[in-house]
Amino acid sequence: MLTLECYWVESTQGLDMRHTEKFQSECVGTLIQQAFLKKMSVLDWVGYRIQDQDNNTVQENFTVDSLCKSRYAQAQNK
């Protein structure tokens, strides 16, 4: 079983909130598709990571937008 973690930031009343959502599947392609759909539904996308059952990273893709990364690092957890 593989686990996808998607990361993004949302601003609510001037406060940045850090979001993480997880999905599971046996197929990397299914998880990449899920990450793409999530990316299209949020404004400040940070990236995703796919890990196997031993927490080894199978694939990851994070934004090169340093402002978005900085906002995510400083945001509060939702």
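Which exposed residues does the face of helix 2 turned away from its buried side carry? They are Ser-66, Leu-67, Ala-73 and Gln-74, and the views below show what surrounds them.

A quick note before the close-ups. This is a predicted model, where local features need pLDDT of at least 70, side-chain atom pairs count only at pLDDT 80 or more, and totals for chains, interfaces and linings use all residues. Residues are numbered from 1 along each chain as its sequence is written, and side-chain values use heavy atoms, with hydrogens and water left out.

**View 1. Helix 2 has a buried side and an exposed face.**
Helices (H or I, at least four residues) and strands (E, at least two) are DSSP runs, numbered from the N terminus. "Buried" means under 20% relative accessible area, "exposed" means over 50%, and "partly exposed" is in between (1.4 Å probe, protein chains only). In helix 2, look for the buried residues Cys-68, Arg-71 and Tyr-72. They sit on the same side of helix 2 because they cover an arc of only 100° around the axis (the arc is that of the directions from the helix axis to the C-beta atoms). An α-helix has 3.6 residues a turn, so residues three or four places apart point the same way. The buried residues of helix 2 pack against strand 1, strand 2 and strand 3.

**View 2. Five strands make an open sheet.**
Two strands pair if DSSP finds at least two bridges between them. Walk across the sheet and you meet its 5 strands in the order 4-3-1-2-5, with mixed pairing. Strand 4 and strand 5 (76–77) are the edge strands, each pairing on one side only. Helix 1 packs on this sheet and touches strand 1 (2–12), strand 2, strand 3 and strand 4. Contact here means heavy atoms within 4.5 Å. The direction of helix 1 makes about 5° with that of strand 1; axes are lines fitted to C-alpha atoms, for helices over the stretch in contact, and angles run from 0 to 180 degrees between N-to-C directions.

**View 3. Strand 3 pairs with strand 1 and with strand 4.**
Strand 1 and strand 3 run antiparallel, joined by 7 bridges, and you can spot Trp-8 opposite Trp-45 in strand 3. Strand 3 also pairs with strand 4 in the antiparallel sense, over 5 bridges. Follow that pairing and you find Gly-47 opposite Phe-62, Tyr-48 with its bridge partner Asn-61, and Arg-49 opposite Glu-60. The hairpin of strand 3 and strand 4 has 5 residues between the strands, and in it Asn-55 takes a positive phi near 65°. Since 6 of the 8 residues of strand 3 are buried, this strand is largely enclosed by the rest of the structure.

**View 4. Salt bridges link distant parts of the chain.**
A salt bridge is a side-chain nitrogen of Lys or Arg within 4 Å of a carboxyl oxygen of Asp or Glu, and the structure holds 5 of them. One of them joins Glu-21 to Lys-38, with the closest N and O atoms 2.9 Å apart. Here Glu-21 is in strand 2 (residues 15–25) and Lys-38 in helix 1 (residues 28–41), 17 residues apart. Glu-21 is partly exposed at 27% relative accessibility, whereas Lys-38 is buried at 17%.
Arg-49 and Glu-60 form another, their closest N and O atoms being 3.0 Å apart. This pair links strand 3 with strand 4 (residues 57–62), at positions 11 residues apart. Arg-49 is partly exposed at 24%, and Glu-60 is partly exposed at 42%.

**View 5. Arg-71 joins a salt-bridge network.**
Arg-71 forms a salt bridge with Asp-44, the closest N and O atoms lying 2.7 Å apart. Arg-71 lies in helix 2 (residues 66–74) and Asp-44 in strand 3 (residues 44–51), so the pair ties together parts that are 27 residues apart in sequence. Arg-71 is buried at 17%, while Asp-44 is partly exposed at 24%. Add Asp-16, and you have the network of Asp-16, Asp-44 and Arg-71.

**View 6. Cys-27 is in no disulfide.**
A disulfide is a pair of cysteine sulfur atoms within 2.5 Å, and a search of the whole structure finds 0 of them. For Cys-27, the nearest cysteine sulfur is that of Cys-6, 15 Å away. Cys-6 is buried, with a relative accessible area of 0%, whereas Cys-27 is partly exposed at 39%.
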